[in-house]
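Grab a pencil and keep the 3D view open while you work through these exercises. Try each task yourself before you read its solution.

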Amino acid sequence: MAYPQCLRDNLMQYGVRPTGNIQWDQAMLRLLKQRKKEEANAFITVGPIIKKAEDERTRAKLAMPDLSDPSVFSAHMAILEYVANNIILAPQRRKFEIDENNSEVIRFLMYYFNNCELAEQVFPKRGYKLHKNILLQGGVGVGKTMLMQIFSEYLKRTNNPRYFFNVSVTQMVNYYSINNNIDRFLYNEREGKGFQGCPVNLCLNDIGVDNRPFYGIDTLTIVHDFLHARNEIWACSEYDRRFAHLTTNLTNEQLEKKFGQKDEYGRIIDRFKTYNVIPLSGKSRR
């Protein structure tokens, strides 16, 4: 029996070369057709899910200004400086200083908080990523907390979805002493509905500096709990992440020593891998 040309053509459509054995090739063609049908059915099922994910990605991108445009970047820098000088520093009668110690950090943070991919090019050798949290690190008075306060106010006034609240370890411990939990800084279940919490973006300032018992409360243990829980919250969704930024006076070695005291498995130290650890240099600005 001559080999059917139609069988040969059908196999070639699937990228399969005929073997010359008619029975074998007919069985292979049936298998290929069945597989294509199953893939089509699978796409019908997952297609809407894929489209929803893509729509979420598009909406997230459209919610941010395009800072790759130099004119847009300049406009937002002007807003940032206005916020710094007229809102954050006005009561202190100080001016916001941008110099060699903070200019590149500010540029990175401007791109980062507006979810602009150019952020990852500011310090290319450090491996900073848009999806990670921020850990601003530096000596006393170099302007870590002030910088996060300025960006928080800037994000609020530009209706940016990455807007975050600034809180201190002391505030969190005070809340714990009254409520016997730190839910307000974690899942925020009181603001949610049913079993669904309502966590918010925030920045916890000056972690690891003071571990003196506060009314019998070990502050380091509370910060441990905070970091564990906030890592879970951060990891929940790619498109609707809830960030927990940090500032600290401690070096990497000091952080590892401090948080390794009560963490024999090294889980907290591992959590810091989800942070862009950004050193801020210079003398005290106070």
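**Exercise 1: What surrounds helix 4**

Task: Find out which elements the buried residues of helix 4 pack against, and how many of its residues are buried.

Solution. Start with the surroundings: the buried residues of helix 4 pack against helix 3, helix 5 (119–122), strand 1, helix 6, strand 4 and strand 5. Keep in mind that you are looking at a predicted model.

Next, count. Helix 4 is mostly covered, with eight of its eleven residues buried. Now put names to them: Val105, Ile106, Phe108, Leu109, Met110, Tyr111, Tyr112 and Phe113 are the buried ones.

Finally, look just past the helix. Asn115 follows helix 4 and has a positive phi, near 55 degrees.

**Exercise 2: Two partners of helix 6**

Task: Describe how helix 6 packs with helix 4 and with helix 3, giving angle, axis distance, handedness and residue classes.

Solution. You need two numbers for each pair, since two packed helices are described by the angle between their axes and the distance between the axes.

Step 1, helix 4. Helix 4 (residues 103–113) packs on helix 6 at an angle of about 35 degrees, and the axes are 12 Å apart. This crossing is right-handed.

Step 2, who touches whom. From helix 4 come Val105, Ile106, Leu109, Met110 and Phe113, and they meet Leu147, Met148, Phe151, Tyr154 and Leu155 of helix 6. Sort these by class and you get ten nonpolar, no polar and no charged residues.

Step 3, helix 3. Helix 3 (residues 70–88) and helix 6 (residues 144–157) pack at an angle of about 115 degrees, with axes 9 Å apart. Here, too, the crossing is right-handed.

Step 4, the contact residues again. On the helix 3 side you'll find His76, Ile79, Leu80, Val83, Ala84, Ile87 and Ile88; on the helix 6 side, Gln149, Ile150, Phe151, Glu153, Tyr154 and Arg157. This contact divides into nine nonpolar, two polar and two charged residues.

**Exercise 3: Reading the sheet**

Task: In what order do the five strands of the open sheet lie, and which strands stand at the edges?

Solution. Walk across the sheet and you read the order 2-3-4-1-5, with parallel pairing. Strand 2 (165–168) and strand 5 (275–279) are at the edges; each has a single partner strand, so one side of each is left without a neighbour in the sheet. On average, neighbouring strands are turned by 20 degrees against each other, direction ignored.

Now take the pairs one at a time:

- Strand 2 and strand 3 (residues 202–205) pair in the parallel sense over four bridges; Ser168 has Asn205 in strand 3 as its bridge partner.
- Strand 3 and strand 4 pair in the parallel sense over three bridges. Leu204 stands opposite Leu246, and Leu202 has Ala244 as its bridge partner.
- Strand 1 and strand 4 also pair in the parallel sense, over three bridges, and Leu136 has Thr247 in strand 4 as its bridge partner.

**Exercise 4: Two sides of a strand**

Task: Which residues point which way from strand 3 and from strand 4?

Solution. Begin with strand 3: Leu202 and Leu204 point one way, Cys203 and Asn205 the other way, and all are buried.

Then do strand 4. Ala244, Leu246 and Thr248 point one way while His245 and Thr247 point the other way, and all are buried. That fits the count for strand 4, where five of its five residues are buried.

To finish, add the helix that covers these strands. Helix 6 lies across strand 1 (133–137), strand 2, strand 3 and strand 4 (244–248), and runs at about 150 degrees to strand 4.

**Exercise 5: Buried, partly exposed or exposed?**

Task: Classify Asn231 and Thr170 by relative accessible area.

Solution. Asn231 sits in helix 8 (residues 219–235). Its relative accessible area is 16%, which is under 20%, so Asn231 is buried. Leaving aside neighbours within four places in sequence, Asn231 is in contact with Arg271 and Thr274. With the side chain of Thr274, the Asn231 side chain makes a polar contact at 3.5 Å.

Thr170 belongs to helix 7 (residues 169–179). At 48%, Thr170 falls between 20% and 50%, so the label is partly exposed. One last distance: the C-alpha atoms of Thr170 and Asp206 are separated by 9.3 Å, with the two residues 36 apart along the chain.

Technical notes
Residues are numbered from 1 along each chain as its sequence is written. This is a predicted model: local features need pLDDT of at least 70, side-chain atom pairs count only at pLDDT 80 or more; totals for chains, interfaces and linings use all residues. Side-chain values use heavy atoms; hydrogens and water are left out. Axes are lines fitted to C-alpha atoms, for helices over the stretch in contact, and angles run from 0 to 180 degrees between N-to-C directions. A crossing is left-handed if the near helix is turned anticlockwise from the far one by less than a right angle, and right-handed if clockwise. Contact means heavy atoms within 4.5 Å. Ala, Val, Leu, Ile, Met, Phe, Trp, Tyr, Cys and Pro count as nonpolar, Asp, Glu, Lys and Arg as charged, and the others, Gly among them, as polar. Buried means under 20% relative accessible area, exposed over 50%, partly exposed in between (1.4 Å probe, protein chains only). A polar contact is a pair of N or O atoms within 3.5 Å; within protein, one must be able to donate a hydrogen and the other to accept it, and residues adjacent in sequence count only if both atoms are side-chain atoms. Two strands pair if DSSP finds at least two bridges between them.
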